[in-house]
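Thanks, everyone. I'll take you through one model this morning. Please have the viewer open.

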Amino acid sequence: MTPSEFAAAANVSRETMDRLLAMDRVLIDWSERHNLIARSTIKDRWHRHYLDSAQVAPLLPEGVKSIVDMGAGAGFPGLVLAAMLAPKNVALTLIESTGKKAAFLTAASEAMGLSNLKVIPARIEAVKLVSPPDVIVARALARLDKLLGLGAGIQGQSTRYFLHKGQDVEDELTGATKSWHMEVIRHKSRTNPDGVILEIGNLARAQKQ
């Protein structure tokens, strides 16, 4: 997939595409020195990483004002969503504990000219937010039960999750429901035939019997 094919598939504006191309230049530069994404996926990154991230944007609830990306890594989906949602003034907070990746996120956001983004270089468990986010996202970070445990420390009562999951999603859901009560919506992935975007709401810890 080329950048122009991505722009058409994701239906992004020229301004948003300019920001994503700026991100991509920093990504490729840093990837020569640091393992930000698997080298085997660099050639197909506009499909494997950019479109995979961008597909979350149209799923988000109306009126979202704040999003947290847990374990933001190379900026997927956090930086991509920040670029797409900048015209709506949606605030993005990217949490990343690995120093080099957090430095990349800061460098990329500066190159993109984003003012709606904050990078927190810390472990998720140590983060204290001023107010809970409307949405929490995560991609390729951990199994569902662990993800929900991490998110529970920063979520609010109405926070919704949008989580990239692969072919083991049903096993992960089965395991997670032993510890959590939740409302689950499955959105079929546009980039992975075995994948879904799990939308989770009304999350509460299950009472131990």
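One definition before we start: buried means under 20% relative accessible area, and exposed means over 50%. Keep those cut-offs in mind. And a caveat: this is a predicted model.

Let me start with a single residue, Ala108. Ala108 sits in helix α5. Is Ala108 buried or exposed? Its relative accessibility is 0%, which is under the 20% cut-off, so Ala108 counts as buried. What does Ala108 contact, leaving aside neighbours within four places in sequence? Val26 and Leu79. For scale, take Val12. Ala108 and Val12 are separated by 96 residues in sequence, and their C-alpha atoms are 19 Å apart in space.

Now follow that contact to Leu79. Again I skip residues up to four places away in sequence. Leu79 touches Met23, Ala74 and Leu94. It also touches Phe104, Leu105, Ala108, Ser109 and Met112. Leu114 and Leu117 complete the list.

Leu79 belongs to helix α4, one of whose buried residues it is. How many of the residues of α4 are buried? The count is 8 of 8, so to speak of α4 as mostly covered is fair by the under 20% cut-off. Gly78, Leu79, Val80 and Leu81 are among them. So are Ala82, Ala83, Met84 and Leu85, going by that same cut-off.

Next, the core. The largest nonpolar core has 48 residues. Which of them touch the most other members? Phe6, Ile67, Leu79 and Phe104. Several elements supply at least two residues each to this core. Among the helices that do are α1 (3-10), α2 (14-31), α3 (45-54), α4 and α5 (99-112). Strands β2, β3 (117-120) and β4 (135-138) do too. There is also a second, separate core of 25 residues. That one includes Ile136, Ala142, Leu144 and Leu203. As background, nonpolar side chains in soluble globular proteins tend to be buried together.

Back to the approach to α4. The loop between β1 and α4 holds Gly75. Gly75 is buried, at a relative accessible area of 0%. Beyond residues up to four places away in sequence, Gly75 touches Met23, Val80, Phe104 and Leu105. Gly75 and Asp52 are 23 residues apart in sequence and 12 Å apart, C-alpha to C-alpha.

Now the backbone oddities. Most residues other than glycine have a negative phi, and most peptide bonds are trans. What is the peptide bond from Phe76 to Pro77? It is cis, with omega near 10°. Pro77 is in the loop between β1 (66-70) and α4 (78-85).

Then two asparagines. Asn89 has a positive phi of about 60°, and it is not a glycine. Where does Asn89 lie? In the loop between α4 and β2 (91-95). Its relative accessible area is 63%, over the 50% cut-off, so Asn89 is exposed. Asn89 and Val169 are 80 residues apart in sequence and 32 Å apart in space, C-alpha to C-alpha.

The other one is Asn202. Its phi is near 50°, again positive in a residue other than glycine. Asn202 lies in a strand, β7 (residues 196-205). At 53% relative accessibility, Asn202 counts as exposed.

Now zoom out to the whole chain. It has 7 helices and 7 strands. Along the sequence the pattern reads α-α-α-β-α-β-α-β-β-α-β-α-β-β. The radius of gyration is 16 Å, close to the 17 Å that the globule rule gives for 209 residues, so the chain is as compact as a globular protein of that length. Along its principal axes, the C-alpha trace spans about 55 × 35 × 35 Å.

Some chain totals. Of the 209 residues, 52% count as buried. Take the contacts with a separation of 6 or more: residues 24 or more positions apart account for 72% of them. The accessible surface comes to about 10,500 Å², and 48% of it belongs to carbon and sulfur atoms. Last, charges. There are 26 positive and 22 negative, and their mean positions are 3 Å apart.

That's my part. Over to you.

Note on methods
Residues are numbered from 1 along each chain as its sequence is written. This is a predicted model: local features need pLDDT of at least 70, side-chain atom pairs count only at pLDDT 80 or more; totals for chains, interfaces and linings use all residues. Side-chain values use heavy atoms; hydrogens and water are left out. Helices (H or I, at least four residues) and strands (E, at least two) are DSSP runs, numbered from the N terminus. Buried means under 20% relative accessible area, exposed over 50%, partly exposed in between (1.4 Å probe, protein chains only). A nonpolar core is a set of buried Ala, Val, Leu, Ile, Met, Phe, Trp, Tyr and Cys residues joined through side-chain atoms within 4.5 Å. Contact means heavy atoms within 4.5 Å. The radius of gyration is taken over C-alpha atoms; the globule rule is 2.2 Å times the number of residues to the power 0.38. Accessible areas come from the Shrake-Rupley method with a 1.4 Å probe; for residues, only the protein chains shown count as cover. Lys and Arg count as positive and Asp and Glu as negative; His and the chain ends are not counted. The place of a charge is taken as NZ of Lys, CZ of Arg, CG of Asp or CD of Glu.
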